[in-house]
Amino acid sequence: MKKGILKQIKSSWVLYLMLFPALLYFSIFHVIPLFGMKLAFQDYRIIGDNVWVGWKHFKVLFSSPAFMDVLKNTIIISVMKIVFFFPIPILLSLLINEVRIGKFRKYVQSIVYLPHFLSWVVIAGIWITFLNPDDGGVNVIRNFFNMPSLDFMTSKDHIRWVLVFQEIWRSAGWDSIIYLAAILKISPSLYEAAKIDGASKIQQMRYITLPSLTSTIMTVFILNLGFFMNAGFDQVFNMMNTSVISVIDILDTYVYRIGLINGQYAYATAASLFKGVIGVILILSTHFISKRFTGKGVW
Amino acid sequence: MNKLKKLSVSTIIIYSILFLISLTVLIPLLHLLAMSLSDPLKVHELSGLGIIPEGFSLINYKILLSNPLIIKSIFNTLFITIVGTALNLLLTAMTAYVLARTKFPGRKLVMIFLIVIMVFEPGLIPEYLLVKDLGLLDTYASLILYKTINIFYLFIMMRFFEDVPESILEAARMDGAGHFRIFTKIMLPLSKPALATMGLFYGVYHWNEYFRATIYLTDTDKWPLQLVLRQFVVERDNTSMLGAQNFLSYEQIAALDFASLQAGTIIISIVPLLLLYPLILKYYAKGALEGGVKD
């Protein structure tokens, strides 16, 4: 038996050779930094070995009001996005599904998908221009309705809403694809039957389309929860400015600033390990919940 | 009669809403285009919602495309995108072939390894320190070697490969072709749409990447376009925006509008995406669904 396996291994040498670059890559660029997270329990030394300090950084972290603010911002922004962004792609897919003119449908789809492919730098640039307090498009509209101009980018009261709307602008179109695909799989005979029974368009939407989407909606929702602690690093990083940092600084931007700008490597790693552990717990639990209820997991 | 009328009203409302939604995407982009093409002396007349240039001038593009920093950064981005995507595709496809279409002792172990590292992401600081320790700071390699194999994409690629009929591979095996030959001569040519999809996934990522460049590249000569753009548009740093413009008089420089120059830079950075957009729509969406929720 053992000989058999050895023989198999020997005859599969080409396969191991083909796998080797990937395994080498992951070992160096993924596994090494993964173990590098032990820095969270050390003090960083430029010369010589790092010194183990146990939970020191975590103690400082959890007694620091700055970190608590960052944690709070992360949770608030994530919750706002789940509540106000999540339903939009579903509604959009329902609307697009009602379009029967092929050309118009194609036109709408190709336009609303477009922002997904723009970089966050470009998106930030577009929004900074459009929210400009002097002559930005949004304020042109506000003035038209006799409302005073607002400087959204520096307003603590508005900036989180800007993030939510920006997320809608960027991703609602693209995220609707998954629901549209699910709608296409609904059997047309259901609609035929409903029409014979005299159901209106709205009733068909309410009683056929939406219920058929439930499992897709659940799956997407659960998978999104797995990334709850991210809150959108690239977006915040590019929309950040000194006026609003206190309300939109999130875990990832905090780690970047404390670690790479201020050079407190170990302390920042502690913050990022905290985020990572919660992230892993969320991903694993959402994976198993999703598997259990919908049969589909993260992998 | 009544019913017909009611139906058409709801249809009109739906079409109008979708039309308005598409305008919210189009107008900001067209506005930036109009700004960049306006005469710098007249651009202040352009409304915040205007999409038709006030006057017409290519001066902004002349300035931007004569700026050595921008030209250099375009070539940097092209280099990183092309070399990066080629390496991404080669490694992802080769690994996907082995894992999706062959049997060998240890396959299960490799799959578990991949899932484990997919769940456990290293943090920013250890990644930075590794790149630093390897002496890769300020090299293109630091960007090319970031997520060279994206595990999500690897799994999507495996699904594509699983769709290739076994009979074709079996026939090749009968002819005595080895795994490497089957991979290069049969699997890859049969998977052109899959490779196009993956190439677009990785290519768009490289073209839009700015964050790794922010932390790994201090040498502005190596900066990708997105980072130069970020400097102009997000950090509002105008100093490097004007290159060596010998062809401009002082009056002309004084008359320049920086917002228009910023708009021009944004447009330059999205033109390649727009050119590829028909391909993106064709392949990308299909691939995304493949990797997303599969019913």
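Ser12(A) counts as buried, at 7% relative accessibility (buried means under 20% relative accessible area, exposed over 50% and partly exposed in between, using a 1.4 Å probe and protein chains only). Before the exercises, some ground rules. This is a predicted model, where local features need pLDDT of at least 70 and side-chain atom pairs count only at pLDDT 80 or more, while totals for chains, interfaces and linings use all residues. Residues are numbered from 1 along each chain as its sequence is written, chains are lettered from A and ligands numbered from 1 in the order in which they are written, and side-chain values use heavy atoms, with hydrogens and water left out.

**Exercise 1. Find where Ser12(A) sits, and what it is in contact with beyond its neighbours within four places in sequence.**

Step 1: go to the loop between α1 (2-11) and α2 (13-36) of chain A, and there's Ser12(A). Helices here are DSSP runs of H or I with at least four residues, strands are E runs of at least two, and both are numbered from the N terminus.

Step 2: list the contacts (heavy atoms within 4.5 Å). Once the neighbours within four places are set aside, Ser12(A) touches Lys103(B), Phe104(B) and Pro105(B).

**Exercise 2. Work out how much area is buried between chain A and chain B, and how many salt bridges cross their interface.**

Step 1: pick the yardstick. Interface size is often quoted as the accessible area lost when the parts come together. Here, buried area is what two parts lose on being put together, summed over both, with a 1.4 Å probe.

Step 2: read off the total. Chains A and B bury about 7600 Å² between them, and carbon and sulfur atoms give 81% of that. Leu15(A), Met18(A) and Phe117(A) supply 10% of the area that chain A buries against chain B, more than any other three residues.

Step 3: count residues. Chain A puts 83 into the contact and chain B puts in 88.

Step 4: look for salt bridges (a side-chain nitrogen of Lys or Arg within 4 Å of a carboxyl oxygen of Asp or Glu). Zero of them cross the interface of chain A and chain B, although the count over all chains is twelve.

**Exercise 3. Take three salt bridges, Asp249(A) with Arg257(A), Asp252(A) with Lys275(A) and Glu121(B) with Lys147(B), and say how the partners are placed.**

Step 1: Asp249(A) and Arg257(A) meet at 2.5 Å, N to O. Asp249(A) is buried at 5%, whereas Arg257(A) is partly exposed at 23%.

Step 2: the closest N and O atoms of Asp252(A) and Lys275(A) are 3.1 Å apart. That pair links distant parts of the chain, 23 residues apart: Asp252(A) is in helix α14 (residues 251-261) of chain A and Lys275(A) in helix α15 (residues 265-294) of chain A. Both partners are buried.

Step 3: for Glu121(B) and Lys147(B), the N to O distance is 3.4 Å. They also link distant parts, 26 residues apart, with Glu121(B) in the loop between α4 (107-119) and α5 (124-133) of chain B and Lys147(B) in the loop between α6 (141-144) and α7 (151-162) of chain B. Glu121(B) is partly exposed at 40%, and Lys147(B) is partly exposed at 31%.

**Exercise 4. Describe the helices and strands of chain B, then place Phe161(B) in it.**

Step 1: count the elements. Chain B has 14 helices and zero strands.

Step 2: check the burial. Of its 295 residues, 51% are buried.

Step 3: compare the spread. A compact globule of 295 residues would have a radius of gyration near 19 Å, but chain B comes to 25 Å (taken over C-alpha atoms; the globule rule is 2.2 Å times the number of residues to the power 0.38).

Step 4: zoom in. Phe161(B) lies in helix α7 of chain B and is buried, with a relative accessible area of 0%.

Step 5: find its company. Leaving aside neighbours within four places, the contacts of Phe161(B) include Ala93(B), Tyr97(B), Ala100(B) and Met187(B). Phe161(B) and Ala100(B) are 61 residues apart in sequence, yet 6.6 Å apart in space, C-alpha to C-alpha.
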